[in-house]
Amino acid sequence: MQVVIAATGQIISGANLLSATLRLDCVPVPATLEMTAQSTPELDAALVVGAELLVSDPPISITLVKVQPVKTQTIKDGARIGGIACLGVLSGCQRLIEPASKAIILNDTSLISAMRACGARMRSGADIAIPKFVCLKGQIPTVEIAKRLQQEAAVITMQGNQLAAVKIDALLKADPVAKYDPSAVAWLDSTALQRLNKRSFMSVAADGSTIENEGNQTGLAVSYMPQMDTRQLKNLEKVLIHRGTMMRPLKMNMSCGDTVLVGGQVFVVLTAAHRTDTGALGGSSVAATKIWLSNLGVQ
């Protein structure tokens, strides 16, 4: 995995890059980086909170939000070797993980527009319309964004190096990017566990009558959601359920929101975690991608 310091164009060499995990998730901040590098004067100066890194190809811009020195017990040339542990998020999304400094109330808007109103600054692609968005002062924007996504049965994905809001139905209709044998998957085959991740919902209309999703499923817990219509209640029940995981050789072009074909069935890549361990300080090297597969689960 190539990691470049954006300010200087310097590539962090394999001798100094100890471990890096680029995680792509179908969540409001869809790209995060966990990285540990060897402490050197140059990297100590470059790897600071707010620094921008370019990861993968095409490059995904990551901004560091936490940097912490790490002391080891390893001695080399009479000095103790130190490291730098870093945590970064998709550049432009830092404000989404901080409490809102003011209330944001929008009507007849779009998901990406709501994210921008919350302080996000990023390249974007596909978008979806939402009737209303509210994030009060002091609330975490990602929580409110996730609620609106669920009400529209949609997720946030990465399309290349752009952020996109996509309906779950549209994801499932996309052409699979790869095909695998079922034996490659460690399956989580439990209807009981799937039902724990699903609920039925009800609301109340302006005239006081009860609104329910006509397709409410028996055996599911029921929750009350205010000011919801039948369409939104139906969307709330459309959730991606984790079905299994795969370990593959490093496959950097696999991203969240991609679909794969396994045994003739389409699954959405809910999470793709790309990990590189160089073994620069000893130990084995690793270059692997772990993929979390999901679909709509029990219906």
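**Exercise 1. Look at D277: is its place buried or exposed, and what does its side chain touch?**

*Solution.* Start with the accessibility: D277 has 13% relative accessibility, so D277 counts as buried. The cut-off you need here is that buried means under 20%. Keep in mind that you're working with a predicted model. Next, find D277 along the chain: it sits in strand β19. Now go through the contacts. The side chain of D277 has a polar contact of 2.7 Å with the side chain of S19. Another polar contact, at 2.8 Å, joins the side chain of D277 to that of R275.

**Exercise 2. How many aromatic pairs does the structure hold, and how do the rings of W187 and F267 sit?**

*Solution.* Begin with the count: there is 1 aromatic pair. Its rings belong to W187 and F267, with centres 5.5 Å apart and planes at 50°, so you call the pair tilted. To see why, check the cut-offs: planes under 30 degrees apart would be stacked and over 60 edge-to-face, so the rest are tilted.

Then ask where the partners come from. W187 belongs to strand β13 (residues 186-187) and F267 to strand β19 (residues 265-277). They are 80 residues apart, which makes this a link between distant parts of the chain.

Last step: check the cover on each partner. F267 has 2% relative accessibility, so F267 is buried. W187 has 39%, so W187 goes down as partly exposed.

**Exercise 3. Where is K179, and is K179 buried or exposed?**

*Solution.* Find the strand before anything else: K179 is in strand β12 (residues 178-180). Its relative accessible area is 68%, so K179 is exposed, because the cut-off for exposed is over 50%. Now look across to G263. Along the chain, K179 and G263 are 84 residues apart, yet 8.2 Å separates their C-alpha atoms.

**Exercise 4. Which residues form a nonpolar patch on the surface, and where does V65 fit in?**

*Solution.* First name the members: V65, L87 and I97 make up the patch. Together they offer about 200 Å² of accessible area. Now zoom in on V65, which you'll find in strand β6 (residues 60-76). With a relative accessible area of 30%, V65 is partly exposed.

**Exercise 5. What lies over the face of W292?**

*Solution.* Go to the ring of W292 and look over its face: you'll meet R23 there. Then read off the distance, which is 5.2 Å from the ring centre.

Technical notes. Residues are numbered from 1 along each chain as its sequence is written. This is a predicted model: local features need pLDDT of at least 70, side-chain atom pairs count only at pLDDT 80 or more; totals for chains, interfaces and linings use all residues. Side-chain values use heavy atoms; hydrogens and water are left out. Rings of Phe, Tyr and Trp (its six-membered ring) pair if their centres lie within 6.5 Å; planes under 30 degrees apart count as stacked, over 60 as edge-to-face and the rest as tilted. Helices (H or I, at least four residues) and strands (E, at least two) are DSSP runs, numbered from the N terminus. Buried means under 20% relative accessible area, exposed over 50%, partly exposed in between (1.4 Å probe, protein chains only). A charge sits over a ring if NZ of Lys or CZ of Arg is within 6 Å of the ring centre and within 35 degrees of the ring normal. Patches are made of residues with over 30% relative accessible area and no salt bridge: like charges are joined within 9 Å, nonpolar side chains (Val, Leu, Ile, Met, Phe, Trp, Tyr) within 5 Å. Accessible areas come from the Shrake-Rupley method with a 1.4 Å probe; for residues, only the protein chains shown count as cover. A salt bridge is a side-chain nitrogen of Lys or Arg within 4 Å of a carboxyl oxygen of Asp or Glu. A polar contact is a pair of N or O atoms within 3.5 Å; within protein, one must be able to donate a hydrogen and the other to accept it, and residues adjacent in sequence count only if both atoms are side-chain atoms.
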